[in-house]
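Me: I would like to go through this model in short questions. Please show it first.

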Amino acid sequence: MRDPFLRPPASLVKAAAPLAKSLALKTLPLHVHEILPAFCIYEFINRVVSPYVSARIAPKTYPHLTRKTKVNWNVRVVSMVQSCFINTLALWVIYADKERMQMNWKERVWGYTGASGMVQGFAAGYFAWDLLASIQDIDVHGRGALAHAASALTVSMMGFRPFVNYYGLNFILYELSTPFLNIHWWLDKVGMTGSTLQLVNGIALLTTFGCSRLIWGNYQNYRMYTDIWRAVQNPGELPVPSWLAIAYLASTTALSGLNFYWFGKMVQTVTKRFEKPNKTQEKKKKK
């Protein structure tokens, strides 16, 4: 399936060619026109749209937040827009790209379709922005977020070799849980901690996170590891360099490890919101 987005400008393709050649990212020039606008749009949302809209939607909350909390709030607005957009796009391509559906193990490792490249292009633009945001405000986001952004960008960019472009699209669906995570955080900030809405959202968050990242994600990891192992064992005309296999597997394994860690933290956080206070806590409140 061809890239349904606009054709890349010839001048941009030509400008990106030297970088793509030096990094061995053959299909990168075909999707630079998706990466760069995505990066710029997310930065615009973060710097302009989110502060403007948030101050009007939550006038009693947003203007009074600390600098760090405002940074976190704005980043979550970007994350919300991106996750809704990229999930919709990925699910549509998975359903509509018949060429992708018929891929065998060799094509899943080395194959490429323009539509899959488009999704990875938009995703790479976001992850590049996310990496920059994580570096700029590491005191707010932490090293875990920085590691996640770096790993996600690495996985996205490797799809432009192309290498396991097929699985890159499947891993995009990690983002299905992101809207619920952001809503949970916002409900805390607007004084709705422990509300029925937060309970329902918390159940949706744990369900989508567990299904999309732990079950679906690790199933896709298993399939990908199997296909890469076949490619290593049967090099033929397209051998898999050891460094490439190690780098990709290290990135996806790091993401999986972070997902298990974050899931444990989420369970603690969500259950804590709805725990009944013990007798000691009740006495302290009375005092």
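Reply: Rings of Phe, Tyr and Trp (its six-membered ring) pair if their centres lie within 6.5 Å; planes under 30 degrees apart are stacked, over 60 edge-to-face, the rest tilted. This is a predicted model: local features need pLDDT of at least 70, side-chain atom pairs pLDDT 80 or more, while totals for chains, interfaces and linings use all residues. Residues are numbered from 1 along each chain as its sequence is written, and side-chain values use heavy atoms, without hydrogens and water.

Me: How many aromatic pairs does the rule count?
Reply: Ring pairs link Tyr42, Tyr126, Phe127 and Trp129 into a cluster. By the rule, the count of aromatic pairs comes to 13.

Me: Is the aromatic pair of Trp73 and Trp186 stacked, edge-to-face or tilted?
Reply: A ring pair is described by the distance of the centres and the angle of the planes. Trp73 lies in helix α3 and Trp186 in helix α9, 113 residues apart; helices are DSSP runs (H or I, at least four residues), numbered from the N terminus. Both are buried, meaning under 20% relative accessible area (1.4 Å probe, protein chains only). Their centres are 6.2 Å apart with 55 degrees between the planes, and the pair is tilted.

Me: Which element gives the most to the largest nonpolar core?
Reply: A nonpolar core is a set of buried Ala, Val, Leu, Ile, Met, Phe, Trp, Tyr and Cys residues joined through side-chain atoms within 4.5 Å. The largest has 33 residues, and Tyr42, Trp73, Val119 and Trp129 have the most contacts inside it. Elements giving two or more residues include α2 (32–57), α3 (67–96) and α6 (114–136). With 10 residues, the top contributor is α6.

Me: Is Val93 buried or exposed?
Reply: Val93 lies in helix α3. Not counting residues up to four places away in sequence, Val93 touches Ala115, Ser116, Met118, Val119 and Leu169 (contact: heavy atoms within 4.5 Å). Its relative accessibility is 0%, so Val93 counts as buried.

Me: Over which ring does the charged end of Arg56 sit?
Reply: The rule asks for CZ of Arg, or NZ of Lys, within 6 Å of the ring centre and within 35 degrees of the ring normal. The charged end of Lys98 sits over Tyr95, 5.3 Å from the ring centre. For Arg56 the distance is 3.8 Å, and the ring is that of Tyr52.

Me: How far apart in space are Val93 and Thr269?
Reply: In sequence, Val93 and Thr269 are 176 residues apart. C-alpha to C-alpha, the distance is 34 Å.

Key:
Buried < 20%, exposed > 50% of the residue type's maximum accessible area, 1.4 Å probe, protein only.
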